[in-house]
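Let's walk through this structure together, one part after another. Keep the 3D view open as you read, and turn it whenever a new part comes up.

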Amino acid sequence: MVRYLASPIPNANGPHVSDPRSGEILESDINWYHNVMTLLRNWFFVQTAAINEDARGVQFKDEVMGRLIRFVSSHEVGHTLGLPHNMGSSVAYSVEDLRDPEFTKKYGTAPSIMDYARFNYIAQPGDGDVALMPEIGTYDKYAIAWGYKPILDKSAVEEKQTLDSWILKHQNDPMYRFGSQQSGVIDPSSQTEDLGDDAVLASQYGIANLKRIVPNLIEWTAEDGKDYEDLDDLYGQVLSQYNRYMGHVTANIGGVYQYYKTYDQEGPVYTHVDTDRQKEAMSFLQKELFTTPEWLIDQNIFNKIEFDGNLERVRNFQERTMNNLLDFGRMARLMENSEINGNEAYSLLNMMTDLRTGVWSELNRGRSIDLYRRNLQRAYLERMEYLMTEKQSAIPARFRSWVKRSNIDVANSDIRPIVRGELVTLQGNIRNAMNRSNDKLTRYHLQDALKRIDLILNPIAKG
Ligand SMILES: [Zn+2]
């Protein structure tokens, strides 16, 4: 049954009870909270409004909302039939395919409706009548057949050979791939809320579309006699979507792919993301995040929704991704990759050098440093201090079984020598640049940065 819950929770789920001996599903239902519609409105707006007139408002036409509800309810029915999320599905399509009307009409936005593949944020104005939604796809039909198609006159044990042969038949076809849901992303090809096989390119298209939405936010949310709450909400959605892109790209740095295999299949299960892709991810972050995203800063919007907050907001989202990038587990994987693959690999040292030169790029040219960038540079120093003093936090017992991460003894790894070395280099660069700027605040900031670095390298004993 589908149960409607008159509740403000913006979600839906499809739990089942199964017999632990056989896996047979004994009972199943869908819980449908009222505010799923808010969730759908937000996603469809922020992911498609740039190219889709139907999404340019706060209240969609019934036919549009009905179609969106059909998408979520199909996904929930997948759960009731026993399908888990398949986050490794959307990577099957190339980013350019998602701009193709013919392709998307035939295949939707991912081969499985059980992915968190949302709406087509990649298609650009002028691409034509591109399909925007995920559909029940190749993977779903295959998985349901595997679970339900009768295999006559065979015992459960005898069936296995037939079932295995169905898997092997499609073993290297990404349309049939399963990738599990991750808490703490290690495999960048199995992420939530992403589309296509190239996070950098997909996110560039996504950002190009967000840039088209922001200048229209006021017009698309407007209604006489109404306050600016919807404007506030949908600006927040733009920011969340932008943050998702930062997450999708960051996961490629220190990423390790996981492609399930059994003994009778060839090749490795785990492979490191190749160096070019990791480097590209780092330049994306420098260009789209650490270079202040001016297009997100719109005084026409801010003067209607808040008395202040922009500076802290920019700092917070830059800091969030910087801290994610400088995560101990990610650093551990970068080190292990260079140990295994030598100079071919994108090493921790490569990453730290690229990060420092990008975040402190003004020093080379003796340019003045604006307030956003001063905040960013202090966020960098703060994280460096964290890396020098903290260790990995313990995962609470209730999460331990499903959180994946690389564990590392921070104090006895190469992390601190590398951080120390980077800080010493930075110290020298700041000293050289210090008096080249005519801007007083830049000089004060650099003096302060030198002092902060000195305190990180030579902490005052607390006693
Ligand atoms: Zn689900």
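In this predicted model, start with helix α8 (residues 229-250) and find α9, whose axis comes within 9 Å of that of α8. The two axes cross at roughly 160 degrees. Angles over 145 degrees count as roughly antiparallel, and α8 and α9 are therefore roughly antiparallel to each other. Their crossing is left-handed. On the α8 side, the contact is made by Met246, Val249 and Thr250, while α9 brings Ala281, Phe284, Leu285 and Leu289. Sorted by class, these residues are 6 nonpolar and 1 polar, with no charged residues in the contact of α8 with α9.

Stay with α9 and look for another partner, helix α6 (residues 199-213). The axes of α6 and α9 come within 10 Å and cross at roughly 20 degrees. An angle under 35 degrees counts as roughly parallel, so α6 is roughly parallel to α9. Here, too, the crossing is left-handed. Val200, Ser203 and Ile207 of α6 meet Glu280, Ala281, Phe284 and Glu288 of α9. This contact of α6 with α9 has 4 nonpolar, 1 polar and 2 charged residues. Ala281 and Phe284 of α9 therefore deserve a second look, because they take part in the contact with α8 and in the contact with roughly parallel α6.

Now zoom out. How is the protein divided into domains? Domain 1 covers residues 2-325, and domain 2 covers residues 326-463. Taken over C-alpha atoms, the centres of domain 1 and domain 2 are separated by 32 Å. Where the domains meet, domain 1 contributes 24 residues to the contact and domain 2 contributes 26. Helix α9 (275-290) comes up again here: α9 and α11 (310-325) each supply at least two residues of the side of domain 1 that touches domain 2. Which of the elements gives the most to that side? The answer is α11, with 9 residues. Over the whole side of domain 1 that touches domain 2, the residues divide into 9 nonpolar, 12 polar and 3 charged.

Next, move along the chain to helix α15 (residues 371-389), where you will find Arg378. The C-alpha atoms of Arg378 and Glu319 are separated by 9.6 Å, although these residues are 59 places apart along the chain. Arg378 counts as partly exposed because it has 16 C-beta neighbours inside 10 Å.

The same paragraph of the tour takes in a neighbour of α15, helix α17 (residues 440-457). The axes of α15 and α17 come within 10 Å and cross at roughly 5 degrees, which means that α15 is roughly parallel to α17. Arg374, Gln377, Leu381, Met384, Glu385 and Met388 of α15 make the contact with His445, Ala449, Arg452, Ile453 and Ile456 of α17. Between them, the residues of this contact divide into 6 nonpolar, 2 polar and 3 charged.

Gln377 also leads to Trp360, which lies in the loop between α13 (348-359) and α14 (362-365). Trp360 and Gln377 are 17 residues apart along the chain, and their C-alpha atoms are separated by 6.9 Å. Is Trp360 buried or exposed? With 21 C-beta neighbours inside 10 Å, Trp360 counts as buried. Leaving aside residues up to four places away in sequence, Trp360 touches Gln377, Leu426 and Asn429.

Go back now to helix α4 (residues 138-148). Thr138, Tyr139, Asp140, Tyr142 and Ala143 are buried in this helix, and the buried residues of α4 pack against α2 (62-80).

The last stops are two loops with a backbone feature to look for. Most residues other than glycine have a negative phi. Asp153, in the loop between α4 and α5 (156-169), has a positive phi, near 60 degrees. Asp153 counts as exposed because it has 6 C-beta neighbours inside 10 Å. Glu193, in the loop between α5 and α6, has a positive phi of about 65 degrees. With 19 C-beta neighbours inside 10 Å, Glu193 counts as partly exposed.

Terms used. Residues numbered from 1 in each chain as written. Predicted model: local features only at pLDDT ≥ 70, side-chain atom pairs only at ≥ 80, totals over all residues. Domains from an automatic or database assignment. Contact = placed C-beta atoms within 7 Å. Helix = DSSP H or I, 4+ residues; strand = E, 2+ residues; numbered from the N terminus. Nonpolar A, V, L, I, M, F, W, Y, C, P; charged D, E, K, R; others polar. Buried ≥ 20, exposed ≤ 12 C-beta atoms within 10 Å, placed from the backbone. Axes fitted to C-alpha atoms, helices over the stretch in contact; angles between N-to-C directions. Parallel < 35°, antiparallel > 145°, perpendicular 65-115°, else oblique. Left-handed = near helix turned anticlockwise from the far one by under 90°.
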